[in-house]
Each structure stands twice: as C-alpha cells, then as structure tokens.
Amino acid sequence: SRLADDLQGAMEGKTAIYELPITDGDSLFWVQITPLRKGDHIIGGVFTSHEVAQRLEAEHELLELTGSFETAFTKAPIGMGLVALDGTFIRVNPAFCRILGYTPEEMANVTYNEMIRPQDTEGDLMYVGRMIAGEFDSFTKERLLLGKSGEAIWVNLASTLVRDDSGQPMHIIAQAQDISERKRLEEELRRIAEEDPLTGLANRRRFVTTLDHQIERCRRYGEKAALLMADLDNFKAINDTWGHTTGDELLVHFGRVLAGRIRVNDLAARLGGDEFMIILVGADAEGAASFASKLMEHFDTHPFESQGAQLSCRASIGSTGIDAHTISTDQAMFAADRAMYEVKAGRKS
C-alpha cells in the first residue's frame with residue numbers, strides 16, 4: 001500500500017507527503033512523515049497531519065475564479081490584452097482581434113508601437129514611463145489605432161500596470177473599446193454645426209468664432225491678419241432668370257474657387273445668400289487688397305457654365321486689416337463690408 005511504501009521511504013531517510021482519508025471517510029488530511037535519526041540509524045518517524053478541507057475549498061474557489069476570469073476574458077465585448085513592457089502582446093481576447101482585424105496568431109507578431117501613429121508614440125511612452133515610475137497605476141485615453149489593413153480605428157484605451165509582489169512592473173492590462181461610430185457621429189454633428197450645407201465652407205457661427213480668436217491673437221501676440229468680404233454682383237439676376245438650382249450651382253462654384261485659393265490656416269465662409277468672407281492669417285492690408293484684386297479678375301474673365309450657357313459671374317471684394325488695435329469682431333466685419341460696397345460702387349461707375 002501507499003502508506004507502507006511511504007513508511008519504508010521514511011526509514012530510508014526520505015520525507016513523504018500525501019493525502020490520507022480517515023476511517024469514516026468524511027475528512028481528508030495531509031500526512032507528512034519525517035524520519036528520526038540517532039547517529040546513522042533511523043529510530044522512528046514523526047507523523048504530522050493537517051486537515052485539507054479548507055485547502056480544497058480554497059482551491060475550488062480559485063478554480064471557480066480562474067474559470068470566471070477565462071470566461072469573462074474570452075467573451076468580453078471589449079478588447080482585452082496583456083501587453084509586455086516592450087510592447088509585445090502576451091495574450092489578447094477575441095474582441096481585441098476583431099477590433100483590429102488580426103487573428104490571435106498574428107497579434108503575437110505585432111507590437112503596440114506598430115499599431116499607433118508615429119505622432120502618438122512619444123506621448124504613449126511618456127505615460128507608460130510615468131506609470132512605471134509610480135506616478136499613477138493606470139490611464140485612459142482616446143486613441144487612434146491602426147488595424148491590420150491600415151485603417152485608423154478610434155478606441156477608448158484603458159491601460160493598467162501590473163506589478164509583482166516585490167513591486168516590480170510585470171506587464172500592462174489593456175482594455176480597448178471601439179468608439180469609431182461615436183467619433184463619426186461627433187464629427188457629423190460638428191460638421192452640421194459649423195459647415196454651410198450648400199458650399200461646404202464654414203458657416204457664420206464657425207466664422208465668427210474663428211475671427212474672435214484671430215483678433216485676440218492679434219491683440220495678445222501682435223499677429224497680423226486681413227478680412228475680406230465678397231458679394232456676387234449679378235447673383236439675383238441669374239437666380240431670377242435661370243432658377244434657384246442654377247443659383248445654387250453658382251454659389252457652390254464660387255465657394256469652390258475661394259477654397260482653392262486660400263491656405264490651410266486661412267478660412268473661407270458663406271455667411272448667407274451670396275455673401276462670403278475670408279480670413280487671411282498673416283496678411284497685411286496691401287496683401288489682402290492684392291488677393292481681392294486677383295480674385296475679382298478671375299471671376300471677371302472666367303464665366304460660369306450652366307445648362308450649356310456661359311454666365312458672367314462678377315464679384316465685388318473688399319478688404320480690411322486686423323491688428324492689435326482692432327476693437328471687435330463686429331467692427332472688423334463692418335469695415336470689410338463697407339470696403340466691399342466701395343469696390344462695388346467703383347465697378348458700377
């Protein structure tokens with residue numbers, strides 16, 4: 001029997017540990033046999049036993065917890081992964097793979113740094129470094145990750161640093177929730193709130209806000225800028241003669257030309273009807289007047305084509321400078337509007 005074998009082992013100088021049921025079979029004990037020696041001879045043994053019911057219960061609870069974790073990890077609707085400190089993925093769940101388009105096998109050969117844009121790398125490394133330094137245990141950021149096919153995917157990424165018993169960093173638990181649809185809706189709402197639906201240019205609301213900020217920069221930092229007001233001289237006649245569809249096409253055409261002439265930091269907007277305004281960042285009054293003159297010349301010499309006909313699309317464009325002495329947005333817009341009407345009057349004479 002096992003008991004006899006273990007007794008023999010103890011006589012040979014070994015220590016045996018095993019589980020032994022008592023006679024009624026209701027309890028279970030750990031039994032340890034340790035040999036007693038006198039000189040080179042073994043003269044007996046010491047039996048110690050510990051009831052293992054509590055141990056077995058703890059093991060059972062651990063197994064249940066482990067099973068629960070595995071189920072939660074595997075079936076979680078959000079992406080979960082263990083990431084080594086060097087950015088390699090130790091393990092990921094199916095949701096993480098679905099978000100990024102990888103298989104679990106492919107994820108083993110991809111690092112986190114390969115999934116983020118180069119401009120985000122420095123910031124993420126800083127946050128991880130601060131976690132390792134003990135400034136905080138976790139952080140959450142909205143982040144663009146690059147999927148397998150190269151598309152950018154918006155996720156809400158929560159990262160938590162796990163340490164061992166001695167406090168040394170082990171790995172990072174990453175949780176990623178796909179928020180691409182939410183971001184799409186946010187962008188759509190922003191576009192509706194800030195964009196003219198006909199021309200795609202900025203609307204009055206966005207324009208006024210941007211002009212407010214530009215005037216403040218001119219006051220605070222001494223920047224220069226210019227404001228232009230444009231009005232189509234014969235828009236009403238075209239709209240009345242050719243119909244509103246042609247009139248809308250003309251406005252879209254005019255807006256497209258404006259957008260193609262300005263720089264990235266400038267802004268073109270449709271305020272309403274056939275009134276358009278432009279902010280030229282860094283331009284002085286002379287530069288703005290030259291810009292306006294070239295635009296008017298373009299529209300004078302390039303008729304607008306609609307329904308097989310070439311329609312004259314003349315425009316009057318006035319400009320004014322913006323500097324540290326500009327009082328307000330209303331003042332700047334009034335000055336540009338007045339300059340535009342002076343140009344319009346001059347073109348009629």
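Visitor: What makes it right to say that helix α6 lies across strands of a sheet, and which strands are they?

Guide: In this predicted model, helix α6 (residues 180–194) lies across β6, β7 and β8. Its direction runs at about 130° to that of β7. Helix α5 also lies across β6, β7 and β8, at about 155° to β6.

Visitor: Which sheet do these strands belong to, and what makes it an open one?

Guide: Five strands form an open sheet in the order β5-β4-β8-β7-β6, with antiparallel pairing. β5 (89–92) and β6 stand at the edges with a single partner strand each, so one side of each has no neighbour in the sheet. The twist averages 25° from one strand to the next.

Visitor: How do you know that β4 and β5 pair?

Guide: Two strands pair if at least two bridges are found between them. Strand β4 (residues 79–84) and β5 have three bridges, in the antiparallel sense, and therefore meet that requirement. As an example, Gly81 has Val92 of β5 as its bridge partner.

Visitor: How does the span of helix α5 compare with the expected one?

Guide: Helix α5 (residues 118–132) has 15 residues and reaches 22 Å from its first C-alpha to its last. That is close to the 21 Å expected at 1.5 Å a residue.

Visitor: Why are the buried residues of α5 said to line one face of the helix?

Guide: The buried residues in α5 are Asp120, Asp124 and Met131. Seen down the helix axis, the buried residues of α5 fall within an arc of 30°, so they line one face. They pack against β6 (138–146), β7 (152–163) and β8 (169–178). The face turned away from that buried side carries the exposed residues Pro118, Gln119, Glu122 and Leu125.

Visitor: What is notable about the backbone just after α5?

Guide: Gly134, just after α5, takes a positive phi of about 95°.

Visitor: Why is Met115 called buried?

Guide: A residue is buried when its relative accessible area is under 20%. Met115 has 0% relative accessibility, so it counts as buried. Met115 is found in the loop between α4 (104–107) and α5.

Visitor: Which residues is Met115 in contact with?

Guide: Leaving aside neighbours within four places in sequence, Met115 is in contact with Phe89, Leu100, Tyr102, Met107, Val110, Leu144, Leu145 and Leu146. Of these contacts, Leu144 is 29 residues apart from Met115 in sequence, and the two are 8.5 Å apart in space, C-alpha to C-alpha.

Visitor: What makes β10 and β14 edge strands?

Guide: An open sheet of four strands has the order β10-β11-β9-β14, with antiparallel pairing. β10 (267–272) and β14 (315–322) each have a single partner strand, so one side of each is left without a neighbour in the sheet. The twist in this sheet averages 20° from one strand to the next.

Visitor: How do you know that β10 and β11 are paired?

Guide: At least two bridges are required for pairing. β10 and strand β11 (residues 275–281) are joined by five bridges in the antiparallel sense, and therefore they count as paired. Gly272 has Glu275 of β11 as its bridge partner, while Leu267 is matched with Ile279. The two strands form a hairpin with two residues between them, and Gly273 in the turn has a positive phi of about 55°.

Visitor: Why is β10 described as mostly covered?

Guide: Five of the six residues of β10 are buried.

Visitor: Which helix packs on this sheet, and which strands does it touch?

Guide: Helix α11 packs on the sheet, touching β9 (225–232), β10, β11 and β14. The direction of α11 makes about 145° with that of β14.

Visitor: Is Thr329 of α11 buried or exposed, and how do you know?

Guide: Thr329 lies in helix α11 (residues 329–348). Its relative accessible area is 9%, and the limit for a buried residue is under 20%, so Thr329 is buried. Not counting residues up to four places away in sequence, Thr329 touches Val208, Leu211, Asp212 and Ile215.

Visitor: How many disulfides does the structure hold, and why are Cys97 and Cys218 called buried?

Guide: The structure holds zero disulfides. Cys97 has 5% relative accessibility and therefore counts as buried. Cys218, at 0%, counts as buried too.

Technical notes: Residues are numbered from 1 along each chain as its sequence is written. This is a predicted model: local features need pLDDT of at least 70, side-chain atom pairs count only at pLDDT 80 or more; totals for chains, interfaces and linings use all residues. Side-chain values use heavy atoms; hydrogens and water are left out. The expected span of a helix is 1.5 Å times one less than its number of residues. Buried means under 20% relative accessible area, exposed over 50%, partly exposed in between (1.4 Å probe, protein chains only). The arc is that of the directions from the helix axis to the C-beta atoms. Contact means heavy atoms within 4.5 Å. Axes are lines fitted to C-alpha atoms, for helices over the stretch in contact, and angles run from 0 to 180 degrees between N-to-C directions. A disulfide is a pair of cysteine sulfur atoms within 2.5 Å.
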